[in-house]
Amino acid sequence: MEEKATKAEPKEKKTHDKQEAVIDIKHLKKSFGSKDVLKDINLVVHRGENVVVLGRSGQGKSVTIQCIVGMLIPDAGTLKVFGEEVADLSEKELKELRMKIGFLFQSGALYDSMTVRENLEFPLTRVLKIKDQAEIDKRVEEVLDGVGLAEAIDKMPSDLSGGMRKRAGLARTLIIKPEIMLYDEPTTGLDPITSREISELILNMQKKYKTTSIIITHDMECARITADRVVIMDDGEYIEEGTFDSLQKSKNKIVQSFFKDIS
Amino acid sequence: MAEEITIPGWKKWLEDIGEQVSFFIRFFKNIFVGGFEWSEFVRQCYEIGYRSIMLVGITSFIMGVVLILQLRPTLVSFGAASMLPKTLSVSFVREIGPVIIAIICAGKIASSIGAELGSMKVTEQLDAMDVSGANPLQYLVVTRILATTIMVPILSVIGDVIGLFGGFLALNLRDHISISLYATKVIASLDYTDFLPAFIKTIFFGMAIGFVGCYKGFHSSKGTESVGLAANSAVVTASLWIFVIDAIAVQITSILFYK
């Protein structure tokens, strides 16, 4: 994979096993009423790869990842995760698949009646069914340390700032050690410094936990920091893809419009 | 571009009924799935039961006082003032207590559950729970519906006692009756056919309150306005269900006990 050095360069050059497609989407379509949100989506994501999907708001970027975890059922096309067609999975199989996928919501989606500790314990006790409290405590502390939030362990979500909520949400997602991470606009609503910190955190966590990621965003800095490959979405289709640097040189006007403010 | 599809109102209504039946079946199945959420269930019993005692107590007390004050002139005009304890106890235990307390609970509990779950839906907490592989029905719905099913009858019994005590105090404003005589008259005027059917119907009231609150919260649309709508709709629907269940229960009780 061709990749040039970038300005901030927190990322190292990586090679991906091209043979192993973790996510394989072909001709995916999804409509809501009369609105065709996804018209013809084709995407293959390889193990260990960070794919950033860029697109304007309301273009259905999040719909794609919601289909991946089975929150939405596509109208047409195929969507395979680990070689399994998601739409054909039974409830039990879907639950097992979801245990391998982490989904970071735009808002962090922390359970607001629980402390940060309880939020992190929830997937361990309910999903992984871990009973040993020492093991639970160890994993909670380890993952909170990793996202730099150890001091907030007993705080309520309402006491956290936007960036801290995102970090806590990320910690809760990573605690079950997923193989795939799906990020839905992870830096939306954050100031530029915190956005950058979160982007670097995503990259560091990806290295540490060796996850495959799809990052939905319209934050170019986040894309530059995290992406191995960038896919541009417009009008329900992926119109162009490549490395961040290669897309900067694209002749396509829609692609150019994303990069015009990047010096 | 696909054509705009307009679904007729009656079809939406039927769809909603179908959704409710499906939601109830899923709730029922999840009761028996392993790993019952005891700590959340106990927390909900505390939130729903203990935190409603004051409201239920004040309402029941006032109802007991008001009923005696309203009944007294009529019964006195018939020379039946001695019937006041019996009239109050039978009407309160059979009908007024359970229904008024259930309506109060619908206003407090169903709206609170509807708003809480609606808010969790809006802030993607329900989706997060679902996507993580956890079971939101087991954690959020089963615990809340079972807690209301158990706590509303208990609140109703507490409300009955407080309402009858309110009646005793109101009676002593104009007449003089000792607490022991009043209690004797109340107990003598009640038998199991008064208490048991009323108690059983409060179990259904409680289940309806919890179910409607959870259903409306879970099925609210994504927007801050929908949280208010879910809470409002939960109160209205739960109140309606209480009257429907009451009408059915009274009919069944009449057939079984009051031939």
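A residue counts as buried here if 20 or more other C-beta atoms lie within 10 Å of its own, with C-beta atoms placed from the backbone. With that in hand, welcome to a predicted model in which chain B holds nine helices and zero strands. Helix 3 of chain B, with B:V56 and B:L71 among its buried residues, is a good place to linger, and the crossing of helices 1 and 6 of chain B and the contact between chains A and B are covered too.

**Chain B as a whole**

- Read along the sequence, chain B runs α-α-α-α-α-α-α-α-α.
- The C-alpha trace of chain B spans about 80 × 40 × 35 Å along its principal axes.
- Chain B has 259 residues, and 42% of them count as buried.
- If we take the contacts in chain B between residues at least 6 apart in sequence, 88% join residues at least 24 apart.

**Helix 3 of chain B**

- Helix 3 covers residues 53–77 of chain B, 25 residues in total.
- From first C-alpha to last, helix 3 of chain B reaches 36 Å, close to the 36 Å expected at 1.5 Å a residue.
- Look for a kink of about 35° at B:L71, which sits shortly before the proline B:P73.
- The buried residues in this helix of chain B are B:V56, B:S60, B:M63, B:G64, B:L67, B:I68 and B:L71, so B:L71 is both a buried position and the site of the kink, by the neighbour count given above.
- What do the buried residues of helix 3 of chain B pack against? Their partners are helix 4 (84–122) and helix 6 of chain B.
- Just after helix 3 of chain B, B:G79 takes a positive phi of about 70°.

**Helix 1 against helix 6 in chain B**

- The axes of helix 1 (residues 9–31) and helix 6 (residues 136–174) of chain B come within 9 Å and cross at roughly 95°.
- That crossing makes helix 1 of chain B roughly perpendicular to helix 6 of chain B.
- On the helix 1 side, B:R26, B:F27, B:N30 and B:I31 meet B:L137, B:Q138, B:V141, B:V142 and B:I145 of helix 6.
- By class, this contact has six nonpolar, two polar and one charged residues.

**Where chain A meets chain B**

- The contact between the chains involves 18 residues of chain A and 15 residues of chain B.
- On the chain A side, helix 2 (91–98) and helix 3 (116–126) are the elements giving two or more residues.
- Helix 3 of chain A gives the most, with three residues.
- The side of chain A that touches chain B has 10 nonpolar, four polar and four charged residues.

Definitions and conventions
Residues are numbered from 1 along each chain as its sequence is written. Chains are lettered from A and ligands numbered from 1 in the order in which they are written. This is a predicted model: local features need pLDDT of at least 70, side-chain atom pairs count only at pLDDT 80 or more; totals for chains, interfaces and linings use all residues. Axes are lines fitted to C-alpha atoms, for helices over the stretch in contact, and angles run from 0 to 180 degrees between N-to-C directions. Helices (H or I, at least four residues) and strands (E, at least two) are DSSP runs, numbered from the N terminus. Angles under 35 degrees count as roughly parallel, over 145 as roughly antiparallel, 65 to 115 as roughly perpendicular and the rest as oblique. Two residues are in contact if their C-beta atoms, placed from the backbone, lie within 7 Å. Ala, Val, Leu, Ile, Met, Phe, Trp, Tyr, Cys and Pro count as nonpolar, Asp, Glu, Lys and Arg as charged, and the others, Gly among them, as polar. A residue is buried if 20 or more other C-beta atoms lie within 10 Å of its own, exposed if 12 or fewer, and partly exposed in between; C-beta atoms are placed from the backbone. The expected span of a helix is 1.5 Å times one less than its number of residues. The bend at a residue is the angle between axes fitted to the seven residues ending there and the seven starting there.
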